[in-house]
Amino acid sequence: HLENATIHEFVHEEDTSNFEDFLLQLKKGYLNKFTSTKKLVSNNGRVIWANIAVSPMWSNKELPSSYITVIEDITEKKKASEMLKESESRFKSLFEDSPIPLREEDLSDVQKELKRLDICNIPATKIYRYFKTNPDALERCISKIKILEVNKETLNLKSVATKKEFLSNYHNLTTSNSPNILIKQLIAICKDQTSFTGETKIYTVKNEAKDVQIKWYVVPGFEKNYKRVFVSTEDITERKNAVRELKNSHKILIERNKRLLEFSYIISHNLRSHTSNIQTIIANLALAEDEEEKDELLDLLKEVSDSLDETIHNLNEITSIRTNIDIDKKTLNLNEYIEKTLAVLTPKIKSCKAVVTINVNKDLNLKYNPAYLESILLNLISNALKYAHTERIPEITITAKTFKGNIRLYVIDNGI
């Protein structure tokens, strides 16, 4: 029953529109029509939002008489609008307070530049090669990126205080990254992909390196023009460092296992040589006929004993537990180590009457591990004695030559 009723009877008490002011201006001729949104209450108490359009029914020269009013129920539109505002407010809060660095970008101009270059229809591998050989084209594409919004964590990631500072450094921060990840993103746009994931290294304004995982997706409704793209740049430096440490630990473990194998081989050969010599000397002591021969054998036993002690010391260094996987190297005199090895093998040399000739400069030094060098010399010389020809006196010649900064050791014999 709206007959003889006025709109004022249906106005909600919370309505704050300036309908009356507009109506007064209409009557005074300041407006020729107006539209106002009002909050109303129906007869049954339901709240209604209405869009009211008012037009005068008199001409400019006539006195105000009546006007026509068109009332449109916009309650559902109003609810939808308020829900949208609320949703956008929640989204903005989530965006701003996200613990992950986020930003919103407009890549529409990047897409246009890629189309202008006319490379999107060629295979991805050729697009990649194109940008690798045309860095200026890559720069132009990157310069077309528009940053619409960034959150606090993005500023923290890049070590900047404000959005303005971020934008002023964005181009330098972007192009200082590995160009590979940038090219891959351009390929994704070329191929109309709506999402992307990749890892790279970035640098802050303080030139601090950080490992990050980049993810972006195109907002639904903007797949054709890339006008709204959300980008996350998660700092994965700690994760990457953990992986690198794990790989390094694995490398150390492999090296230690290798060292243990070498250790077992050296023990089986080096220590066996020493113990064999000691047994030979002790056996000869029991057969010695005079004090002079005994004294000579005791001196030799002491020399072999000292050499055994040094061997054990060097082996301890090889198997020492440390994070450094590099074998300890020292400056060693090659001639001295040859003489020590011959002293250890003296009983064998005498028993087969071998003739050993050393053609090595007494000042020749090398950087090497003592236990390894001792093992090499023992192997070479003892094998020369072991495989001596039974019908001739063993002759062993030891020489060393320098070749391109390296030392080449030769042990030549006349055995079988």
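The crossing of helix 3 and helix 5 is right-handed, a term applied when the near helix is turned clockwise from the far one by less than a right angle, anticlockwise being left-handed. This is a predicted model, in which local features need pLDDT of at least 70 and side-chain atom pairs count only at pLDDT 80 or more, while totals for chains, interfaces and linings use all residues. Residues are numbered from 1 along each chain as its sequence is written, and side-chain values use heavy atoms, with hydrogens and water left out.

Two packed helices are described by the angle between their axes and the distance between the axes. For helix 3 (residues 108-117) and helix 5 (residues 135-143), the axes come within 8 Å and cross at roughly 150°. Axes here are lines fitted to C-alpha atoms, for helices over the stretch in contact, and angles run from 0 to 180 degrees between N-to-C directions. Helices (H or I, at least four residues) and strands (E, at least two) are DSSP runs, numbered from the N terminus. Helix 3 and helix 5 are therefore roughly antiparallel to each other (angles over 145 degrees; under 35 is roughly parallel, 65 to 115 roughly perpendicular and the rest oblique). On the side of helix 3, Val 110, Glu 113, Leu 114, Arg 116 and Leu 117 meet Ala 137, Arg 140 and Cys 141 of helix 5. By class, five of these residues are nonpolar, none polar and three charged; Ala, Val, Leu, Ile, Met, Phe, Trp, Tyr, Cys and Pro count as nonpolar, Asp, Glu, Lys and Arg as charged, and the others, Gly among them, as polar.

A second helix pair is formed by helix 11 (residues 334-344) and helix 13 (residues 370-386), whose axes come within 10 Å and cross at roughly 55°. Helix 11 is thereby oblique to helix 13. Their contact (heavy atoms within 4.5 Å) involves residues including Tyr 337 and Ile 338 of helix 11 and Leu 373 and Leu 377 of helix 13. It comprises 10 nonpolar residues, one polar and no charged.

The model also holds an open sheet of three strands, in the order 1-2-3 with antiparallel pairing. Strand 1 (34-41) and strand 3 (67-73) are at the edges with a single partner strand each, so one side of each has no neighbour in the sheet. Strand 1 pairs with strand 2 (residues 47-56) over eight bridges, pairing requiring at least two bridges found by DSSP. Helix 1 (residues 19-27) lies across strand 1, strand 2 and strand 3, at about 145° to strand 1.
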